[in-house]
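This briefing covers helix packing and one pocket. Read it alongside the coordinates shown below.

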Amino acid sequence: MGLLDPNRLFPAEPGLRAIAQRLYDGVRDLPIVSPHGHCDPRWFAENTRFPNPAELFVVPDHYVFRMLVSQGVDLADLGVPRSDGGAAESDPRVIWRRFAAHMHLFRGTPSAIWLNHAFETVFGLTEPLNADTADAYYDHIDAKLAEPEFRPRALFDQFNIEALATTEGALDDLQWHRAIRDSDWQGRVITTYRPDAVVDPDFEGFLENLEAFGALTGEDITTWEGYLNAHRKRRAYFKDFGATASDHGHPTARTEDLPQIEAAALYQMVRTGQATAEEAEAFRGQMLTEMARMSLEDGLVLQIHPGSRRNHSAQVFAGYGRDKGFDIPGRTDYVAALKPMLDAVGMEKDLNIILFTLDETTYGRELAPLAGAYPALRLGPPWWFFDSAEGIRRFRETTTETCGFYNTVGFNDDTRAFCSIPARHDVSRRSDCAFLAQLVGTGRLSEGEATEVAYDLTYRLVKEGYRL
């Protein structure tokens, strides 16, 4: 017995299961296109071994450690570095044992499928991970990581990854992407422009970031025109390293389209640290519209990831910093919020704006109707808390009737955990095939049509949507 059921995520009814299996057989071995994520490009630039099992599976993965924290385990005891340099567990075997002893917490969650998929298909483990098997697991994985076949580039090829996009901030020098480009390795690892640190007035160190932005680009960022030109220069620089998209993680989906003289005045309030909370929100909204216009100039796809109430725990943020599992979904408006931007550019056929949500109630009421009307809009896949078989099913059931399949852009894994990439894409492929089997079984698609849709959802739409 292995860790994985070969029929996982397929319908229980035998006839539908057989259809889903046939559809899945047609897409299971297609290349992985990962257009949005947070893997570290340094892995592929240096191509050194992953340090140990804990550093591979536990320390970088907020899906893993947030569950353990919810059950009373301290982040420091899982090796997560403290912002102040304070004490944190440094023995990877101890971290692994703590993780293994809590593996039961993941029962029924997507994380269990992702972890077990990596354990079995990447490392050949078939016994469940628990406190009793922790050391055997650790020793086996650690030994494998010492082999050349388990270096980052070799795994990239083994996973059949055609393209992998990382995400870097506007101030990043992209040294690791340069190293990849200058190497003789042929793997396609590209960057994505994430300018939040110089767009969001509430981002920590924002005013200092603006000064660095000006120095980096040689633009006079004391002026609105200079500030916008600085973005244009950085976007061009990121494009030189393969970027096909920008990404914007705003608290809300609010957009603005102010007259330029008003936008310039608003920027001065922001730049001098005098902006109110309302003005800061208006500025973020104005910048989404400005970035959409820049996308018409340079062709970058515009991704909008709103609705995360980031760093919800002040204590965790103070102790450990950003991205530590305490970003929580919130209610999000799209219809009114996006109207200024859509009035400006929504009918542009050459613009790709990909919308994401953490508010599932908006799927049928707002997002699908918007994407089903505006040529510039596409729907991103279920993201973060909804990256699951159930989340994918709800997404397809709620959006397909209004915007179809072809106003969506396939799947992205949005991960920092490299070995989970094949697992996440496999879950997406199985879940979509299960949904398509239902449509075939109820007479709404022929199996031939479903075969084409399965291919499109797995491969074609993501390449077209992200211009890969």
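The model is predicted. Its largest pocket holds about 1,000 Å³ of space. Three helix contacts follow the pocket: H18 with H19, H1 with H19, and H12 with H13.

**Largest pocket**
- The lining of the largest pocket consists of 36 residues, and those closest to the pocket centre are His38, Thr167, Arg322, Asp323 and Arg416.
- Four elements each supply at least two lining residues: helix H2 (41–46), helix H4 (62–70), strand E3 (168–169) and helix H9 (175–182).
- By class, the lining of the largest pocket has 15 nonpolar, 8 polar and 13 charged residues.

**H18 with H19**
- Helix H18 spans residues 421–441 and helix H19 spans residues 447–465; their axes come within 10 Å and cross at roughly 155°.
- An angle over 145° counts as roughly antiparallel, so H18 is roughly antiparallel to H19.
- The crossing of H18 and H19 is right-handed.
- From H18, the contact takes in Arg429, Asp432, Cys433, Leu436 and Val440. From H19, the residues are Glu447, Ala450, Val453, Ala454, Leu457 and Thr458.
- The contact of H18 with H19 comprises 7 nonpolar, 1 polar and 3 charged residues.

**H1 with H19**
- Helix H19 also packs with helix H1 (residues 14–27): the two axes come within 9 Å, at a crossing angle of roughly 45°.
- At that angle, H1 and H19 are therefore oblique to each other.
- H1 passes H19 in a crossing that is right-handed.
- On the H1 side, Ile19, Arg22, Leu23 and Val27 make the contact. They meet Glu447, Ala450, Thr451, Ala454, Tyr455 and Thr458 of H19.
- The contact of H1 with H19 divides into 6 nonpolar, 2 polar and 2 charged residues.
- Glu447, Ala450, Ala454 and Thr458 of H19 appear in the contact with H18 and also in the contact with H1.

**H12 with H13**
- Helix H12 (residues 260–271) and helix H13 (residues 277–298) have axes that come within 10 Å and cross at roughly 130°.
- Roughly antiparallel requires an angle over 145°, and H12 and H13 are therefore classed as oblique to each other.
- H12 and H13 cross in a left-handed sense.
- H12 contributes Gln260, Ala263, Leu266, Tyr267, Met269 and Val270 to the contact. H13 contributes Glu279, Ala282, Phe283, Gln286 and Glu290.
- Sorted by class, the residues of the contact of H12 with H13 are 7 nonpolar, 2 polar and 2 charged.

Terms used: Residues numbered from 1 in each chain as written. Predicted model: local features only at pLDDT ≥ 70, side-chain atom pairs only at ≥ 80, totals over all residues. Heavy atoms only, no water. Axes fitted to C-alpha atoms, helices over the stretch in contact; angles between N-to-C directions. Parallel < 35°, antiparallel > 145°, perpendicular 65-115°, else oblique. Left-handed = near helix turned anticlockwise from the far one by under 90°. Contact = heavy atoms within 4.5 Å. Nonpolar A, V, L, I, M, F, W, Y, C, P; charged D, E, K, R; others polar. 1 Å grid on protein atoms, 1.4 Å probe; cavity = no way out; pocket = protein on both sides within 12 Å on 5 of 7 lines; lining within 4 Å. Points joined across faces, edges and corners; volume = space filled by probe spheres on them.
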